[in-house]
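Student: I'm new to this one. Could you take me on a close look at the sheet and what goes on around it?

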Amino acid sequence: KKQLIGTPTRTRAILDTYGLSFKKSLGQNFLTEPKILQQIAAAAELTPNDTVIEIGPGIGSLTEILAQQAGYVLALEIDQRLLPILDDTLADYDNVTVVHQDVLKADFQTLLQQYLPKAQNIKVVANLPYYITTPILMRLLASDIRWEQIVVLMQREVAERLTANPGTKAYGSLSVAVQFDMDVDITQIVPRTVFVPQPNVDSAVVRLKRKSEQRTLTISEKAFTRVVKGCFAKRRKSLWNNLLALYGKDEATRTRLTAVLEQVEIQPNRRAEQLSIDDFIRLATALEQ
Ligand code: SAM
C-alpha cells in the first residue's frame, strides 16, 4: 500500500525521482505532516457534494486528502515542472483536474464552466504561496463565485490581520474587506518545522465562512474600499486628517466633511482602527452617496 504523498519519506522519494529543486520565488514550501493536512481538510468540513478549488497543489500532498473527502478538486498550479509529477502522484484519483494556471490571472467562473460545469458548494482549500497571500484573497473575494468556505494556510502575521477586531494594532483595511461578508477564524497555528524547506515564519490556518446575514451596501464596493483605505492611509493620524487627504482641504470640503461626520455621529478625532465595519458603512455611504 502506498504511503500518503505528504509523509516525509514519500515526499523525499518523489523529489528525488524527479530531481525537483524548490523555487523560492514561487513560495514553494511543501507540507510534510499528514496530521496537519488532515486537520486543514477537516476545517473545511468537506462532503462528496463539495467542489474544491486548490491553489498551488505542489506535488499533491493536500490535493490527495481533498480528493478523498470532496466530490471534485480543481487544482491551479503555475509551475509547469509540477504537472507531470502531479499526473503521476495523483494517478489513482479520477476526481482531480490539475490546470496549469497563474491564480492571479485565473477567472474562476470560466474555469469551473470549462472543467466542472455542474459544480456546487464551491470551497477553496489551499496552502498558499505566501508571497501573494493578500492578492489571492482579494481576488477570491472579488470573484462572482459565492464561496461556501475558504480554508487557507498562510503566514501567521497575515492571519492575525484577517481576524483582527477594532481597537487592535492588526486591524486594518484587510480585516474590514475580509470580515465584510465572512466570519473569519484561525483554526490552528502551524509551526514552520512541518514544511520542506522551512519558511522563516510560523503559519496559521484561516477559515472564512459566509455570514448567515449578509451586510448590504448602497454605494459601490469600489467606493467603499476607497474610503476604508483612505481612512487607514496614515494609521497614526485622525480620521479627520485622513479624510482631508482623501477629499481635499478646501473650505467647502471641510464644511461637508464636518456635516457628514456629525450626521453619522463619528468624532473627527477618532482613528480608523477604532471604527467597526458598520461605522465604515455609515461613513462611506454618507460620503459617497
Ligand atoms: N499544496 C502543496 C503543499 O501543501 O505542500 C504546495 C504548497 S506551496 C506553499 C505553494 C504552491 O503554489 C507551490 O506549488 C507553487 O508552485 C504554487 N504557486 C505559486 N505561485 C502561484 C500562482 N501565481 N498561481 C498558482 N500557483 C502558484
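**A close look at the sheet**

Tutor: Let's start with a single pair: Thr51 has Tyr72 of strand 3 as its bridge partner. Keep in mind that this is a predicted model. That pair belongs to a bigger pattern, with strand 2 (residues 51–55) and strand 3 running parallel and joined by five bridges. In general, strands of a sheet pair through backbone hydrogen bonds, and they can do so parallel or antiparallel.

Now zoom out. Strands 2 and 3 sit in an open sheet of seven strands, ordered 4-3-2-5-6-9-7, and the pairing is mixed. At the edges you'll find strand 4 (96–100) and strand 7 (182–190), each of which pairs on one side only. Going from one strand to the next, the twist averages 20 degrees.

Strand 3 is worth another visit, since the ligand comes in here. Strand 3 (72–77), helix 3 (61–69) and strand 1 (30–31) each give at least two residues to the shell around the ligand. There are 22 residues around the ligand, and those that come nearest are Phe30, Gly56, Gly58, Asn127 and Pro129. By type, the shell splits into 12 nonpolar, seven polar and three charged residues.

Last, a label from a record: an unreviewed UniProt entry puts "domain: Ribosomal RNA adenine methylase transferase N-terminal" at residues 36–212. In the model, that span is 33% helix and 27% strand, and its end C-alpha atoms are 28 Å apart.

Technical notes. Residues are numbered from 1 along each chain as its sequence is written. This is a predicted model: local features need pLDDT of at least 70, side-chain atom pairs count only at pLDDT 80 or more; totals for chains, interfaces and linings use all residues. A residue is near a molecule or strand if its C-beta atom, placed from the backbone, lies within 6 Å of it. Helices (H or I, at least four residues) and strands (E, at least two) are DSSP runs, numbered from the N terminus. Ala, Val, Leu, Ile, Met, Phe, Trp, Tyr, Cys and Pro count as nonpolar, Asp, Glu, Lys and Arg as charged, and the others, Gly among them, as polar. UniProt positions are given in the numbering used here, feature names are shortened, and annotations may be inferred rather than shown by experiment. Two strands pair if DSSP finds at least two bridges between them. Axes are lines fitted to C-alpha atoms, for helices over the stretch in contact, and angles run from 0 to 180 degrees between N-to-C directions.
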